[in-house]
Amino acid sequence: MQRFLSHYYLSDMHRKITVKTITLLLFLVSFTGFAGGDAEKGDQKSEIKEYIQHHLKDSYDFSLLSYTTDSGEHKYIGAPLPIILWDNGLKVFSSSKFHHGETVAEVDGNFYKQYHSKIYKTDAEGTINYDADHHPTNVKPLDFSITKGVVMILITGLLMFFLFRGLARSYATNGGIAKGVGRFFEPIVLYIRDDIAVPNIGKEKYMKYMPYLLTVFFFIWFLNIFGLTPLGVNVTGNIAVTACLALLTFLLTNFTGTKDYWKHIFDPLGDSMPWYAKIPLYIILIPIEVLGIFIKPFSLLIRLYANMQAGHIVLMSLIGLMFIFKSWIGSPMSFGLAFAISLIEILVALLQAYIFTMLSALYFGFAAETHDHAEEHEGEIQHL
Amino acid sequence: MEIPVMVGAGLVVIGVGIGIGKIGGSAMEAIARQPESYGKIQTAMLIAAALIEGIGFAALFAV
């Protein structure tokens, strides 16, 4: 009986202490929430918002970090990149002429100014004229600049070239056995071959698509991972990059499409129906199938872009929360959240590369399908 | 940003969440029944989930 009582007493005390601690915590959180002037907080919020938007966009210089000195001067640490414009002749100059978008650059008597991360041709004062919808009406020269994203794509390309070239050579000299970092990459390559390419495309034709599948997988994966490093690049979260990748899948699918692939689109019912019964159905079916050709790569591009963009926004916002809270309770909490989201993002980086490769392989499988192949499948089903 | 648009996007995301949840749940049941076809079920699950996810992102970007 006594033991029971003492136990009861202890647990009661425990509960009281817990309640007290939670109340104290809540009090502290609410207190720190109101600390600091409202005006300052609003300022900081808009600054963080601007910072996130700047991070999501491609930029003309590779700045790793920036800060404001006490005298209100913006300092940037990083390197300028070359700007290449086509404006009645090739214009090549360094992006340091823009001073991070703050000044007008003069090249051979022409003036250029950055406005919302785009280059416009202006007069000497850098005036930008707007139309009724507040869009700039200035001339926009053709822009082939080596931006931050382009630099990252080139670096990833070179890295992949030397990495996999070295791996291939090590296989040749080492008697077909993986060596060094190859022991890490070999299972991944084999996985793409045995679990993505072969089941979706088929044993006869998968070799034709393997180079593309491997390239696109490692390209997306590496770029996603680079996006999580402090380099602060967001290449796969750029809709132009994902659009190009999806365009490659689209072209490969349709240019390697067999007779049966096109028959699937323009004559999906085949010989199972007389022609006069097909007409009313095909008025609906064929447009849907033709739209499908374009919707498939479009969903690829939107998926990769949106996933990476959303991941970066969430991560940056949580990091920004640390600076908004500025307290011993709020900041560690948002730090913990940011850390957890970072771990999830590492998974998402791999998952998105996998999904892109997987769906590309699936579409190639539709394109490479031959009639014999389909019959084989039917045979399998009957066999089961 | 208008409120009806945001509410609509929220509704779409609720639908997407239910959809992906159902796919995940069904995949788990299927794997529990036939653990040997784990790989095939996982692939099919990821494809279906990815397709639905696209709709959710389309809604979010409409906001």
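## The β1–β2 hairpin

In this predicted model, T68(A) faces H74(A), a residue of β2(A). The two strands involved are β1, residues 61-68 of chain A, and β2, residues 74-80 of chain A, and they pair in the antiparallel sense over seven bridges. Five residues sit between the strands of this hairpin, and G72(A) takes a positive phi near 85° there.

## A three-stranded sheet

Let us move along chain A to its open sheet of three strands, ordered β5-β6-β7 with antiparallel pairing. Its edge strands are β5 (105-107) and β7 (118-122) of chain A, each of which pairs on one side only. On average, neighbouring strands here are turned by 35° against each other, direction ignored.

Strand β6 covers residues 110-115 of chain A, and five bridges join β6 to β7(A) in an antiparallel arrangement. Within β7(A), K118(A) is the residue that stands opposite Y115(A).

## Domains of chain A

The domain assignment splits chain A into domain 1, residues 68-146, and domain 2, residues 149-383. Taken over C-alpha atoms, the centres of domain 1 and domain 2 of chain A are separated by 35 Å.

## Nonpolar cores

Now for the packing. The largest nonpolar core has 47 residues, and those with the most contacts inside it are A197(A), L213(A), F217(A), I220(A), F356(A), A361(A) and F364(A). Both chains take part: the elements giving two or more residues are α3 (148-173), α4 (182-201), α5 (206-228), α6 (239-255), α8 (275-325) and α9 of chain A, along with α2 (38-62) of chain B. The most comes from α5(A), which gives 13 residues to this core.

F356(A) makes a handy place to look inside. Leaving aside its neighbours within four places in sequence, F356(A) is in contact with V216(A), I220(A), L300(A) and L304(A). A second, separate core has seven residues, among them Y60(A), L85(A), A105(A) and I119(A).

## S331(A) in helix α9

Helix α9 of chain A runs over residues 330-368 and holds S331(A). S331(A) counts as partly exposed because it has 16 C-beta neighbours inside 10 Å, a count between the limits of 12 or fewer for exposed and 20 or more for buried.

Which residues does S331(A) touch, once its neighbours within four places in sequence are left aside? The contacts of S331(A) are M322(A), F325(A) and K326(A). For a longer view across the chain, F222(A) is 109 residues away from S331(A) in sequence, and their C-alpha atoms are separated by 30 Å.

## Where chain A meets chain B

Between the chains, eight residues of chain A are in contact with eleven residues of chain B. On the chain A side, α8 and α9 each supply at least two of the touching residues. The largest share of that side comes from α8(A), with four residues.

## The annotated spans of chain B

An unreviewed UniProt entry places the feature "transmembrane region" at residues 6-23 and 44-62 of chain B. In the model, residues 6-23 of chain B are 100% helix and 0% strand, with the end C-alpha atoms 26 Å apart. Residues 44-62 of chain B are likewise 100% helix and 0% strand, and their end C-alpha atoms lie 28 Å apart.

How values were computed. Residues numbered from 1 in each chain as written. Chains lettered and ligands numbered in written order. Predicted model: local features only at pLDDT ≥ 70, side-chain atom pairs only at ≥ 80, totals over all residues. Pairing = 2+ DSSP bridges. Axes fitted to C-alpha atoms, helices over the stretch in contact; angles between N-to-C directions. Domains from an automatic or database assignment. UniProt positions renumbered as here; feature names shortened; annotations may be inferred. Contact = placed C-beta atoms within 7 Å. Core = buried A, V, L, I, M, F, W, Y, C linked by C-beta atoms within 7 Å.
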